[in-house]
Amino acid sequence: MSSPYVHGYALGELQRLQDQASTLIDLLHADTSYPAGAKVLEVGCGVGAQTVTLAARSPNAQFTSIDRSTVSLARAQAAVAARGLSNVVFEHADILNLRFARQSFDHVFLCFVLEHLARPQDALAALKSILKRNGTITVIEGDHGSACFHPDSDFARKAIGCQVILQARAGGDAMIGRRLYPLLVEADFSAPQVSPRMVYVDASRPQLVDGFTRKTFNAMVEGVRDDAIAHGLIDEATWDQGLRDLHRTTEPDGVFCYTFFKAVATT
Ligand SMILES: C[S@@+](CC[C@H](N)C(=O)[O-])C[C@H]1O[C@@H](n2cnc3c(N)ncnc32)[C@H](O)[C@@H]1O
């Protein structure tokens with residue numbers, strides 16, 4: 001049985017995934033492209049925020065993008081159609097119950113998905129079996145333990161900690177970025193290469209202040225407010241101060257840093 005999904009599927013969250021992807025395109029995608037004719041499986045495509053970039057950057061590769069949410073798949077399909085991309089097919093599927101034949105894909109790509117799984121090693125093992133020999137897997141994940149900011153604030157750290165605890169209770173790991181190498185080794189992939197990708201934001205980069213700090217990171221933490229308070233993880237006053245302090249980092253003298261981890265390994 002799959003675990004619940006901590007971010008949910010409300011419209012605000014779906015928009016947050018779009019903001020996150022468009023802000024981070026160069027940082028996360030610049031070194032990913034697939035050759036003509038390659039068959040690529042994108043796992044947990046969500047609303048298609050990464051799909052549109054993948055498909056546009058590798059116009060002659062054939063993508064199959066799967067997700068367990070039909071709501072997200074419909075939006076992903078619309079996003080791909082709106083860009084006039086014709087190299088993607090979508091399927092409703094659960095990573096832990098894949099029906100593809102063994103060795104049916106040249107490459108697998110997944111972004112911000114393993115963090116939601118109770119046993120990411122099982123997902124990686126399943127994905128390895130549907131990859132051809134010498135196929136590649138590309139995995140991108142964040143790590144909330146990497147967030148650092150100025151002015152520093154214990155309140156803000158407590159608010160972020162609520163997200164980490166709630167995600168763990170849902171069976172996931174919001175700090176999975178640092179585990180990509182050992183997970184890929186455990187799943188028997190060869191030669192994993194992991195590269196940290198830091199987003200550094202200060203007032204000289206207003207697009208990142210808005211697109212990343214405000215609309216991606218802070219919006220994600222804000223999304224767990226009600227659950228965090230209802231579960232007694234934090235009181236309302238501490239939460240409100242934490243969020244004020246997170247937003248304080250978007251002011252002219254504020255700084256925010258976060259590190260994503262991108263891994264590429266072969267079968
Ligand atoms: C944080 S979203 C990321 C979406 C997209 N990859 C992106 O980067 O914008 C995680 C996605 O994984 C999907 N997901 C989570 N568990 C899954 C599972 N067991 N099988 C298929 N999809 C799953 C969710 O439905 C959600 O759309």
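In helix α4 (residues 120-130), the buried residues are P120, Q121, A123, L124, L127 and I130. This is a good place to enter the structure, which is a predicted model. An α-helix has 3.6 residues a turn, so residues three or four places apart point the same way. The buried residues of α4 pack against three strands, β1 (39-43), β4 (105-111) and β5, and against helix α6 (180-186).

**From the helix into strand β5**

One of those packing partners, β5, covers residues 131-141 and includes V139. With a relative accessible area of 1%, V139 counts as buried, because buried means under 20%. Leaving aside residues up to four places away in sequence, V139 touches L110, L114, L180, L184, F261, K262 and A263. V139 also sits 8.4 Å from V108, C-alpha to C-alpha, although 31 residues separate the two in sequence.

**The fold as a whole**

Stepping back, the protein contains 9 helices and 8 strands. Its C-alpha trace spans about 55 × 35 × 35 Å along the principal axes. A compact globule of 267 residues would have a radius of gyration near 18 Å, and the protein agrees with that, having 18 Å. Buried residues account for 53% of the 267. Taking contacts between residues at least 6 apart in sequence, 80% of them join residues at least 24 apart.

Now for the surface. The accessible surface comes to about 11900 Å², and carbon and sulfur atoms hold 52% of it. As for charge, there are 25 positive and 29 negative side chains, with the centres of the two sets 6 Å apart.

**Cysteines without partners**

How many disulfides does a search of the whole structure find? The search returns 0. C45 is in no disulfide, and the nearest cysteine sulfur, that of C111, is 12 Å away. C45 is buried, at a relative accessible area of 5%. C148 is in no disulfide either, and here the nearest cysteine sulfur belongs to C257, 4.1 Å away. That pair does not count as a disulfide, because the sulfur atoms would have to be within 2.5 Å. At 36% relative accessibility, C148 is partly exposed.

**Backbone details to look at**

A few spots in the backbone deserve a look on screen. The peptide bond from H150 to P151 is cis, with omega near -5 degrees. P151 belongs to the loop between β6 (148-150) and α5 (154-169).

Two residues that are not glycine have a positive phi: D188 and A191. D188 lies in the loop between α6 and β7 (190-202), whereas A191 is found in strand β7 itself. Is D188 buried or exposed? D188 is exposed, with a relative accessible area of 56%, and A191 is exposed too, at 56%. Both count as exposed because their values are over 50%.

The table gathers these two residues.

| Residue | Phi | Location | Relative accessible area |
|---|---|---|---|
| D188 | about 70 degrees | loop between α6 and β7 | 56% |
| A191 | about 45 degrees | strand β7 | 56% |

The loop that holds D188 starts from α6, and α6 is one of the elements against which the buried residues of α4 pack. That brings us back to the helix where we began.

Note on methods
Residues numbered from 1 in each chain as written. Heavy atoms only, no water. Helix = DSSP H or I, 4+ residues; strand = E, 2+ residues; numbered from the N terminus. Buried < 20%, exposed > 50% of the residue type's maximum accessible area, 1.4 Å probe, protein only. Contact = heavy atoms within 4.5 Å. Rg over C-alpha atoms; globule rule 2.2 N^0.38 Å. Areas by Shrake-Rupley, 256 points an atom, 1.4 Å probe, with all protein chains shown as cover. Lys, Arg positive; Asp, Glu negative; His and termini not counted. Charge placed at Lys NZ, Arg CZ, Asp CG, Glu CD.
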